[in-house]
Amino acid sequence: MADLPTLLRASLDPGSRKQAEQNLHALSTQKGFLTHLLALVLQQSQDLSVRLAGAVYLKNIAKLRWEEDDQPLAEDDKAALRSQLVPAMLALSNPSDKAIRAQIAESVALVAELDFPDKWNDLIDQLVSSLSLTNYNVNVGVLESAHSIFKQWRAQVRSDKLYTEINLVLEKFVTPFLQLFKRTAELLINPTSAPSVTTPASNYVLVAQAMVLLAEIFYDLTCHDLPPAIEDSYDVFFGPTGFFHGFMAWDPAELKGDPDDVTPSFPSKIKTRILEIGEATVDQTNVWTLIGSNKLPGIADDALVSQSLRFISTAIRTGYYKDLFSSKETISTLVQGVVIPNVSLREHDVEQFEDDPLEFIRLDLSLSAAGTDLATRRHAAADVLQALVGSGFEADTTEIVGNWVNTGLSQYNANKQENWKAKDSAIFLLTAIATRGSTTQHGVTSTNALVDVVKFFSEHVYQDLQDTSESVHAILQVDAIRFLYAFRNQLTKEQLLSVLPLLAQHLRSANYVTYTYAAITIERVLFIKQKNQLLFSQADIHDSAAQLLDALLSKVEAGGTPEKVAENDHLMKCVMRVILTARQTLIPLHQQILARLVAILGVISKNPSNPNFDQYIFESISGLMRFVVEGSPATLSTFEQTLFGPFTVIIQQDIDQYVPYVFQVLAQMLELHNNDVPAEYRSLLPFLLTPAVWQQKGSIPGLVKLLRAFITRDAAQMVAGGQMASILAVVQQRLIPSKVNDAWGFELLQTVVLHVKPNDLQQQYLRPIIMTLLTRMQSSKTDTYTYLFSRFLLYTFAVNVEGLGPDMLISTVEGIQPQLWSQILTNFVIPQAPKVPHRDRKLAVVGMIRLLCQSKLMVEEPSVGSWPAAFNALRKLFSEPQHLTKGTEEEGATGITEIDYEEQTAGYQAAYSRLAASATKEVDVVGYVGNPQEFLQSQLQALAQRSGQELVSRLVAAGGGAI
């Protein structure tokens with residue numbers, strides 16, 4: 001433990017980070033590590049960077065390893081840490097410890113999410129007993145912890161478990177909370193009432209900071225329902241003289257920030273939270289007054305203005321103010337006083353466009369998420385217009401905004417150099433008023449019938465899209481591209497094909513936002529689907545794919561440093577989409593494209609920094625190989641020769657962000673060898689079976705995919721060489737005992753059952769497999785495991801492997817313990833079979849038919865007693881015959897349409913980032929059965945010939961009669 005500070009310091013240095021992290025992990029398994037680490041974090045004499053690194057490491061343990069199956073944390077160590085976390089928060093109340101306290105607060109929240117209230121029943125008591133009416137340094141720490149625990153309720157679905165937890169918190173917390181809320185509000189509004197608490201000025205700031213957290217917690221406590229204690233105090237908060245109305249007009253000079261400061265002031269934050277809380281209760285005219293005529297132009301007030309605009313949108317949509325907005329004059333006043341000022345570009349926006357383009361794009365692409373850091377005034381103002389259009393005021397709003405649009409266009413045409421912002425506002429207003437429904441994935445999905453989007457595009461927007469000279473302001477070019485991005489679904493395929501070359505030209509632009517938006521738009525256009533089929537095929541971009549990829553890769557390569565190369569994932573996502581669309585068109589160019597992708601990978605692997613970029617570059621490599629080798633099988637050797645070297649380096653250097661992808665691509669390459677396993681792959685096998693490789697959770701799915709490819713092609717050799725036993729040892733020790741990885745264990749076992757000769761399976765492997773599965777069932781059964789176990793048994797019965805019949809498995813089970821099979825069948829298989837998802841329905845049916853009709857042991861005692869119940873379960877499976885036939889998937893489409901969702905799960909904290917392009921169509925192991933109903937009849941007839949019609953008729957009748 002004495003080495004802990006040294007190791008934490010070393011973990012901050014890229015050169016020594018890997019080794020330090022491995023040593024820390026080894027140290028963390030020692031008894032008492034958690035409390036020792038926390039004590040170091042609290043040690044004021046330690047270097048601040050070491051203390052912060054320790055706090056982050058503690059948080060990551062809480063996040064990733066608190067319920068670890070492999071090398072679990074000792075329960076008494078966890079209990080000791082729980083007892084010390086809240087006191088640690090209080091000990092870190094000094095302002096200089098703010099960053100450390102934030103990490104400990106998150107640790108409290110993470111542990112509470114898993115252990116509260118069952119294992120941490122005194123948590124709320126600890127928090128409540130720490131609150132003070134005078135010490136706001138302590139209060140801020142306590143309130144940060146409370147909010148970090150309670151805020152998770154906001155996104156949770158109503159359930160008995162959730163309401164039990166909320167009620168438990170309310171019982172202990174709500175009264176002291178309300179007392180502190182009222183005390184804090186009084187101190188802020190009337191600071192002279194307790195000068196010892198509110199002076200000096202730094203104390204008053206602390207009180208305001210506490211008020212922000214109290215408002216957050218108020219929202220947490222009321223997000224599902226209004227608790228009785230708060231309902232009883234309704235007027236104190238929401239009444240005409242209540243705190244919330246009082247705070248809307250409150251703006252003390254002591255808390256005003258610098259006009260140029262981009263950080264919201266505490267009054268601004270408090271008002272923003274109140275607007276979130278009181279959307280249905282605060283008078284919207286007060287809000288209108290607050291933000292009307294551009295009274296809050298500062299960047300620091302963006303969140304408040306955005307939330308205020310969203311508040312107005314909500315008021316409009318409720319219909320409560322329908323009479324007010326039925327007046328055209330009211331709508332005109334609202335548009336002029338509130339919408340227009342917040343649509344206009346500010347100098348800050350233009351500076352951000354030029355100096356921080358990625359942030360400009362991030363904010364510009366975000367939907368109106370008012371109250372968050374992604375809220376922009378423009379989005380929120382657009383939402384007000386869309387609320388008006390969607391609430392029955394379409395004609396008046398369209399006419400009023402249309403006049404503003406025409407005014408803006410006229411101003412621009414009068415002086416294009418000076419008045420370009422007027423056209424920018426006009427295009428934004430038109431987009432807002434034309435949009436009735438939209439999603440991030442598909443753009444605008446429904447439009448305002450009173451606006452001709454295509455006509456506006458051709459008359460006012462197309463000219464800016466076409467112009468590549470510098471006579472048009474770069475922001476207007478981006479506006480033109482964004483208009484196309486937004487309304488891509490309103491244009492025909494022919495219209496989109498006609499503008500693709502213009503977008504391609506903009507990929508060569510010197511302006512960062514212009515070429516990035518061009519990439520974003522090309523990618524979304526190529527992803528358009530109609531009737532679940534991709535609209536664009538390889539023929540559509542046959543002539544342009546090479547130029548598109550060259551332009552995109554050139555922009556990526558120009559970054560130079562690993563961080564700059566990887567920063568713009570929009571470019572690499574477009575590369576991926578072009579490859580997935582162009583497919584076999586790229587055969588003549590595949591070597592150059594692959595070489596450039598591998599070179600980029602070599603640069604970014606020196607310091608992985610952007611999970612999305614990583615996902616897309618590996619998807620690009622995987623997709624290129626998938627379609628090029630499909631069209632020209634001889635090219636597989638080119639991919640292997642180009643990729644083996646870099647992949648070996650990644651594995652040797654243990655670049656853990658990339659190793660999971662490497663295993664998936666290696667598996668994909670091996671799967672492209674139809675029957676044999678080349679020597680270079682076989683030499684990998686001993687390494688793949690070492691325990692160290694399986695320690696990284698994210699690698700497990702790729703490793704399983706790779707081992708399945710080996711077993712499918714080389715099972716006999718692996719049995720002879722002893723590797724099959726090593727694989728099953730991994731299943732028994734690493735996968736099946738783990739609640740996280742058990743599904744991957746079953747995938748491997750299914751492949752073993754399908755490809756290992758039944759004689760070898762029975763003699764060497766089946767009994768240990770069954771023993772492992774039953775041990776897990778006895779020690780830590782879960783609903784998911786029960787289903788996976790039952791599905792595995794049905795899979796084993798269903799596969800059509802000569803020599804592998806149901807009785808092999810049943811006799812193995814009975815050999816472990818007499819009459820055990822009847823218990824398994826009754827308790828697990830029969831209840832689970834009717835619950836299988838639709839995709840597995842045919843597998844379950846065929847498995848049950850073969851069990852009932854091909855097993856001799858099933859028509860003998862003691863198993864015959866369970867036959868009728870099993871037949872009745874089969875009847876339930878037949879109740880939805882539409883799920884007993886497999887749909888035909890579009891050729892080459894496996895996984896491709898799923899890639900759009902990968903960015904949602906990409907991330908180094910994610911356990912596994914799946915490569916959709918490497919997905920292969922699962923073999924239909926029950927494809928030999930054409931019609932399950934006919935199969936059942938033929939199998940019942942065969943059973944009747946073997947065992948007698950009388951017995952079969954009696955069993956079927958006992959099972960509910962013929963199906």
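The following paragraphs lead from the overall architecture of this predicted model to a number of individual residues.

The protein chain is built from 49 helices and four strands. Its C-alpha trace extends over about 90 × 70 × 65 Å along the principal axes. For 963 residues, a compact globule would be expected to have a radius of gyration near 30 Å, and the value of 32 Å found for the protein chain agrees with this. Of these 963 residues, 54% count as buried. The contact pattern can be described in terms of sequence separation: among contacts between residues at least 6 apart in sequence, 74% join residues that are at least 24 apart.

The surface and the charges complete this overview. The accessible surface of the protein chain amounts to about 40,500 Å², and carbon and sulfur atoms account for 51% of that area. The chain carries 78 positive and 103 negative charges, and the mean positions of the two sets lie 4 Å apart.

Two aspartates merit attention. Asp-464 belongs to helix α25, which covers residues 453–466. With a relative accessibility of 3%, Asp-464 falls under the 20% limit and therefore counts as buried. The side chain of Asp-464 forms a polar contact of 2.8 Å with the side chain of Lys-423. Lys-423 also appears among the residues in contact with Asp-464 once neighbours within four places in sequence are set aside; the others in this list are Tyr-412, Val-472, Leu-476, Gln-477, Ala-480 and His-506.

The second aspartate, Asp-742, is located in helix α40, a segment comprising residues 742–755. Asp-742 has a relative accessibility of 3% and so counts as buried. When residues up to four places away in sequence are not counted, Asp-742 touches Leu-735, Ile-736, Arg-776, Tyr-785 and Leu-788. A C-alpha distance of 9.2 Å separates Asp-742 from Thr-784, a residue 42 positions away along the chain.

The next subject is a pair of neighbourhoods in helices α33 and α34. Ile-621 lies in helix α33, residues 611–631. Its relative accessible area is 0%, and Ile-621 is therefore buried. Beyond its neighbours within four places in sequence, Ile-621 is in contact with four leucines, namely Leu-594, Leu-597, Leu-601 and Leu-643. Ile-621 can also be placed relative to Leu-27: the two are 594 residues apart in sequence, and their C-alpha atoms are 38 Å apart in space.

Thr-638 is part of helix α34, which runs through residues 636–652. Thr-638 is buried because its relative accessible area is 16%, a value to be read against the limit of under 20% for buried residues. Leaving aside neighbours within four places in sequence, the contacts of Thr-638 are His-590, Gln-591 and Leu-594. Leu-594 thus occurs in the contact list of Ile-621 and in that of Thr-638.

The backbone itself is the final topic. Most residues other than glycine have a negative phi, and most peptide bonds are trans. Against that background, four sites can be considered in turn.

The peptide bond between Phe-116 and Pro-117 is cis, with omega about 5 degrees. Pro-117 is situated in the loop that connects α6 (98–115) with α7 (123–130). Another cis peptide bond leads from Glu-861 to Pro-862, and its omega is near 0 degrees. Pro-862 also occupies a loop, here between α45 (841–854) and α46 (867–877).

Positive phi values are found at Lys-531 and Arg-583. Lys-531, which is not a glycine, has phi near 55 degrees. It is placed in the loop between strands β3 (529–530) and β4 (533–534). At 83% relative accessibility, Lys-531 lies over the 50% limit and so counts as exposed. Arg-583 has a phi of about 50 degrees, again a positive value in a residue that is not a glycine. The loop containing Arg-583 joins α31 (569–582) to α32 (590–604). Arg-583 counts as buried because its relative accessibility is 13%. Among these two loop residues, then, Lys-531 is exposed, whereas Arg-583 is buried.

Terms used:
Residues are numbered from 1 along each chain as its sequence is written. This is a predicted model: local features need pLDDT of at least 70, side-chain atom pairs count only at pLDDT 80 or more; totals for chains, interfaces and linings use all residues. Side-chain values use heavy atoms; hydrogens and water are left out. Helices (H or I, at least four residues) and strands (E, at least two) are DSSP runs, numbered from the N terminus. The radius of gyration is taken over C-alpha atoms; the globule rule is 2.2 Å times the number of residues to the power 0.38. Buried means under 20% relative accessible area, exposed over 50%, partly exposed in between (1.4 Å probe, protein chains only). Contact means heavy atoms within 4.5 Å. Accessible areas come from the Shrake-Rupley method with a 1.4 Å probe; for residues, only the protein chains shown count as cover. Lys and Arg count as positive and Asp and Glu as negative; His and the chain ends are not counted. The place of a charge is taken as NZ of Lys, CZ of Arg, CG of Asp or CD of Glu. A polar contact is a pair of N or O atoms within 3.5 Å; within protein, one must be able to donate a hydrogen and the other to accept it, and residues adjacent in sequence count only if both atoms are side-chain atoms.
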